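The following paragraphs walk through one part of a protein fold, from a sheet to the helices around it. Please keep the structure in view while reading.

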Amino acid sequence: RLANAVTPLWRLPYQEQLQVKYERQRKILQTLASRLEELGIDAQKPGGLCCPLQPVVPSPIINGYRNKSTFSVNRGPDGNPKTVGLYVGTGRERNIVCVKANHVENMPSKHKQVAQCYEEFISRSPLDSCILFHEGGHWRELVVRTSSCGHTMAVITFHPQQLGQEALATQKALLKEFFTSGPGAVCALTSLYFQESTRTRCSHEESPYQLLHGAPHIFEHLLGLKFRISPDAFFQVNTAGAEVLYQAVGELCQATGDTVLLDICCGTGTIGLSLAHQVSKVIGVEVVEKAIEDAEWNAAFNGISNCEFHSGKAEAVLPQLLASWEDARPLVAVVNPSRAGLHYRVVRAIRNCSSIRRLLYISCKPEGEAMRNFLELCCPPDPRKKLAGEPFAPVLAIPFDMFPHTVHCELMLLFTR
């Protein structure tokens, strides 16, 4: 059941998986074409698509490709409240159980090993797992990040409840001891982090990540560059797939030596830095402060001096940046937002900046909020919505299989005007 929930295509041969994904992307583009027609835009191309759709680009690695996994702590099928794994079931049905992920094919063995060791540690702990905040308990989720350099980072989330500083210090010392000189030493962790969190998710600013052991960062190599990764920084979960994706971004940007590349939702700067040698300047915008620190370090370490990075919400930073844009150089935008898509003010700033003639939108969920963004980018000018700029038009779609065994794809849509 867990394999079917997390990796629903795992039983299919890989070529059949790619075909399933192609059909799914084709339906998304047909939907977009229909929605554009409703706005009075003649968008129907052959096959009822809004633009040509290329075959799905396969992932160079099919099994164990994930460089980041998040494990929950909850009751297992046997009732053990300290099971570390992934969820099966739904809250509505009240049948959620936490199942060990030992057999899940998209996860590397190192992630499974760290999860198993964490379960062993909390099973020995006198403190309970925290399943429902108001019922007490402490031990919560585990995030494991790995890199092709052989680095492993573990981030353990803990609900402090009413514990004092002394009791907290004791738990941190026990955790460190377990993973450095106890049974958990087999994981050979590069970094061990601890976060006290009283909410479902806390940022580093709200509740700092505390380094208990090892180095503050892990490192990854991508397209000949070295990247530093913090506990909460965004990095594509399939590194080998990201290399293929970013190479395609470089080709579709059609950047020349005087192009300025606008990298929106830039994370640790991977896209902008990998293309910096093709353009005159890269401007990155990212909400996670630590990711911007990583991006700036990555630029300096790799000897890249034509990049500038802005920390803050894109909807606050970008309108200011583009409103005063007077640079005569061609401006190409690349956006790679989360599943929530782009804030309306970001789309509006892009639409109203006449210098942007070419836009690459990379989406891991194009049928969701991204669809709203596509329509906002392509709809006729609308004074009521302050969309004054010339509309974009979709001209090419390329799906990339960043998530083998799942139904998901990373869809790259090229818009021009």
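Contact here means that heavy atoms lie within 4.5 Å. The model is a predicted one.

With that meaning of contact, Tyr344, Val347, Ile350 and Arg351 in α9 meet Arg372, Asn373, Glu376, Leu377 and Cys378 in α10. By class, this contact of α9 with α10 divides into five nonpolar residues, one polar and three charged. The axes of the two helices, α9 and α10, come within 10 Å and cross at roughly 30 degrees. Angles under 35 degrees count as roughly parallel, and α9 and α10 are therefore roughly parallel to each other. The crossing of α9 and α10 is right-handed.

Helix α9 (residues 344-351) also meets helix α8 (residues 314-323), and the axes of this pair come within 8 Å and cross at roughly 15 degrees. That angle makes α8 roughly parallel to α9. The crossing of α8 and α9 is left-handed, whereas that of α9 and α10 is right-handed. On the α8 side the contact is made by Ala314, Glu315, Leu318, Pro319 and Leu322, and on the α9 side by Arg345, Val346, Ala349 and Ile350. Seven of these residues are nonpolar, none is polar and two are charged. An α-helix has 3.6 residues a turn, so residues three or four places apart point the same way.

Which residues of α9 are buried? They are Val346, Val347, Ala349, Ile350 and Arg351. What covers them includes β10, α8, β13, β14 and α10. Of the buried residues, Val346 and Ala349 take part in the contact with α8, while Val347 and Arg351 are among those that meet α10. Ile350 is listed in the contact with α8 and also in that with α10.

Helix α10 (residues 369-378) has eight of its ten residues buried, so it is largely enclosed by the rest of the structure. The buried residues are Ala370, Met371, Asn373, Phe374, Leu375, Glu376, Leu377 and Cys378. They pack against α2 (14-38), α9, β14, β15 and β16. Asn373, Glu376, Leu377 and Cys378, buried in α10, are also among the residues that meet α9.

Three of the elements just named are strands of the sheet. In what order do the seven strands of the open sheet run? The order is β12-β11-β10-β13-β14-β16-β15, and the pairing is mixed. The edges are formed by β12 (307-311) and β15 (393-400), each of which pairs on one side only. From one strand to the next the twist averages 15 degrees.

Strand β16 (residues 410-416) lies between β14 and β15 in that order. β15 and β16 pair in the antiparallel sense over seven bridges, and β14 pairs with β16 in the antiparallel sense over six bridges. Toward β15, Ile398 stands opposite Met412 of β16, and Ala397 has Leu413 as its bridge partner. Toward β14, the bridge partner of Leu360 is Leu414 of β16.

β16 is mostly covered, with seven of its seven residues buried. In a regular strand the side chains alternate between the two faces of the sheet. In β16, Glu410, Met412, Leu414 and Thr416 are on one side and Leu411, Leu413 and Phe415 on the other, and both faces are covered.

Two further helices lie across strands of the sheet. Helix α5 (residues 239-253) lies across β10 (260-264), β13 (331-335), β14 (356-363), β15 and β16, and runs at about 165 degrees to β14. Helix α7 (residues 289-301) lies across β11 (281-286) and β12, at about 170 degrees to β12.

The loop between α5 and β10 contains Gln254, which has a positive phi of about 50 degrees although it is not a glycine. Most residues other than glycine have a negative phi. Is Gln254 buried or exposed? At 55% relative accessibility, Gln254 counts as exposed. Ala188 likewise has a positive phi of about 50 degrees without being a glycine. Its place is the loop between α4 (165-180) and β6 (191-196). Ala188 counts as exposed because its relative accessibility is 52%, and exposed means over 50%.

Note on methods. Residues numbered from 1 in each chain as written. Predicted model: local features only at pLDDT ≥ 70, side-chain atom pairs only at ≥ 80, totals over all residues. Heavy atoms only, no water. Pairing = 2+ DSSP bridges. Helix = DSSP H or I, 4+ residues; strand = E, 2+ residues; numbered from the N terminus. Axes fitted to C-alpha atoms, helices over the stretch in contact; angles between N-to-C directions. Parallel < 35°, antiparallel > 145°, perpendicular 65-115°, else oblique. Left-handed = near helix turned anticlockwise from the far one by under 90°. Nonpolar A, V, L, I, M, F, W, Y, C, P; charged D, E, K, R; others polar. Buried < 20%, exposed > 50% of the residue type's maximum accessible area, 1.4 Å probe, protein only.
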